[in-house]
Amino acid sequence: MSLYKVSAVWGNFVNMSFLLNRSIQENGELKIESKIEEIVEPLREKIRDLEKSFTQKYPPVKFLSEKDRKRILITGGAGFVGSHLTDKLMMDGHEVTVVDNFFTGRKRNVEHWIGHENFELINHDVVEPLYIEVDQIYHLASPASPPNYMYNPIKTLKTNTIGTLNMLGLAKRVGARLLLASTSEVYGDPEVHPQSEDYWGHVNPIGPRACYDEGKRVAETMCYAYMKQEGVEVRVARIFNTFGPRMHMNDGRVVSNFILQALQGEPLTVYGSGSQTRAFQYVSDLVNGLVALMNSNVSSPVNLGNPEEHTILEFAQLIKNLVGSGSEIQFLSEAQDDPQKRKPDIKKAKLMLGWEPVVPLEEGLNKAIHYFRKELEYQANNQYIPKPKPARVKKGRTRHN
Ligand SMILES: NC(=O)c1ccc[n+]([C@@H]2O[C@H](COP(=O)([O-])OP(=O)(O)OC[C@H]3O[C@@H](n4cnc5c(N)ncnc54)[C@H](O)[C@@H]3O)[C@@H](O)[C@H]2O)c1
């Protein structure tokens, strides 16, 4: 064999062994790669799921362009009404800052927004000044139910007076529009029925409820002083009784009392014959009214409430049936000073805002019952189940609210 042939065979051999080596190596790499792929793919899947769950963590939020998106402050935004308002404004695509001192509000009410880029929660007492840049202020901070506002009347007064001055000062400084959550209680024990906005009210300035009633009355006065003297844009909502999920367990009002009594199999306590009437609006109706008022050009006070009256006995029977409770209805002696009627006149809201309540009573009650049932379950582990407080006390006597 010539030297040339030997070197050719050797060359072939080297080539083949190189190719063989490469193919073994490639095969090995392929195997390793497919092994890695087997391990990595489920991880990728998990990351995709996590990303999905992260983006779906929040309720759906509309996209608003820079020009339409507002920076909105809600004082008392972790409370019953404030948290529903937060939900609406967040879902509408605005940037919402909630300021609350958690006196009656709870982080739980807004926890589903924590971490969202449009949401901010600040633990702050409105009695102290606040420096923040906003376009609109919904000023709701104030305890609202009698046991809560009577707990510390001086603080209730400070919140409604100094707190409102601070918020009006902020509105003036940043040129924001302020909506005050006032109340039907500015009408006191009304001598006219239903109450329209031009009724001046009948309030006892030194009674146990004066801290709230007079606090809100002077808060309204402050709004109009800032409007006239400083040109601040103000809106005043006179809110009537409202109910729904996230209202306080110990609110002390007839709807929550009856629901809790029915759910716990206790007698539903009716004071007197039960023929007194009350009117309640569902919270989503109120929230729509507040937003419509804020964005309207109506600067004078507007009643927001549901004028549909029901007797206390009707409420008791309806709630008992909806809960499916075997509770009895217990009649207790009639309470003095228990108003026979309370009903808003909402002609102005209808005419000027095109607003009226739309949620039927039964539908709203079912949602509230569902919420209270869940709350009782949630609290069962904490051994503390608040009992409904007796109807609110006025001049030393119990009455329905
Ligand atoms: N719920 C009703 O039926 C009703 C009726 C009339 C008027 N309103 C008014 O609507 C507003 C909201 O009422 P709600 O039913 O949601 O009551 P709520 O007690 O659930 O909410 C009030 C919120 O304000 C906060 N707050 C109280 N004092 C504060 C302070 N000094 N600084 C910061 N935060 C403070 C509380 O912690 C709470 O989160 C109140 O101004 C109330 O007067 C409510």
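Visitor: Which element gives the largest share of the shell around the ligand?

Guide: Strand β5 does, with three residues. Helices (DSSP runs of H or I, at least four residues) and strands (E, at least two) are numbered from the N terminus. A residue counts as near the ligand if one of its heavy atoms lies within 4 Å of it. Before we go on: this is a predicted model, where local features need pLDDT of at least 70 and side-chain atom pairs pLDDT 80 or more, while totals for chains, interfaces and linings use all residues. Residues are numbered from 1 along each chain as its sequence is written, and side-chain values use heavy atoms, without hydrogens and water.

Visitor: Which other elements give two or more residues to that shell, and which residues come nearest the ligand?

Guide: Alongside β5 (177-183), look for α2 (80-91), α4 (153-174) and α5 (210-230). There are 32 residues around the ligand, and V81, D100, T104, Y212 and K216 come nearest.

Visitor: Where do polar atoms of the protein approach oxygen atoms of the ligand?

Guide: The idea to use is the polar contact, a pair of N or O atoms within 3.5 Å. Here, a polar side-chain atom of D100 is 2.5 Å from a ligand oxygen. The backbone takes part too: an N or O atom of T242 lies 3.0 Å from a ligand oxygen, and a polar backbone atom of S142 lies 3.4 Å from one.

Visitor: How much of the ligand does the protein bury?

Guide: Of the 820 Å² that the ligand exposes when taken alone, the protein buries 98%. Those areas come from the Shrake-Rupley method with a 1.4 Å probe.

Visitor: What residues line the largest pocket, where the ligand sits?

Guide: The lining has 47 residues, and L140, S142, P143, A144 and Y212 are those nearest the pocket's centre. Helix α3 (146-151) gives the largest share of this lining, four residues. A pocket is an open set of points on a 1 Å grid over the protein atoms alone, with protein on both sides within 12 Å along at least five of seven lines; lining residues have an atom within 4 Å of a point. "Sits in" means that more than half of the ligand's atoms lie within 2 Å of the grid points.

Visitor: What should I look for in the backbone itself?

Guide: Most residues other than glycine have a negative phi, and most peptide bonds are trans. In the loop between β2 and β3, F102 has a positive phi, near 60 degrees. Then find P194 in the loop between β5 and α5: the peptide bond from H193 to P194 is cis, with omega near -15 degrees.

Technical notes
Polar contact = N/O pair within 3.5 Å; in protein donor to acceptor, adjacent residues only side chain to side chain. 1 Å grid on protein atoms, 1.4 Å probe; cavity = no way out; pocket = protein on both sides within 12 Å on 5 of 7 lines; lining within 4 Å.
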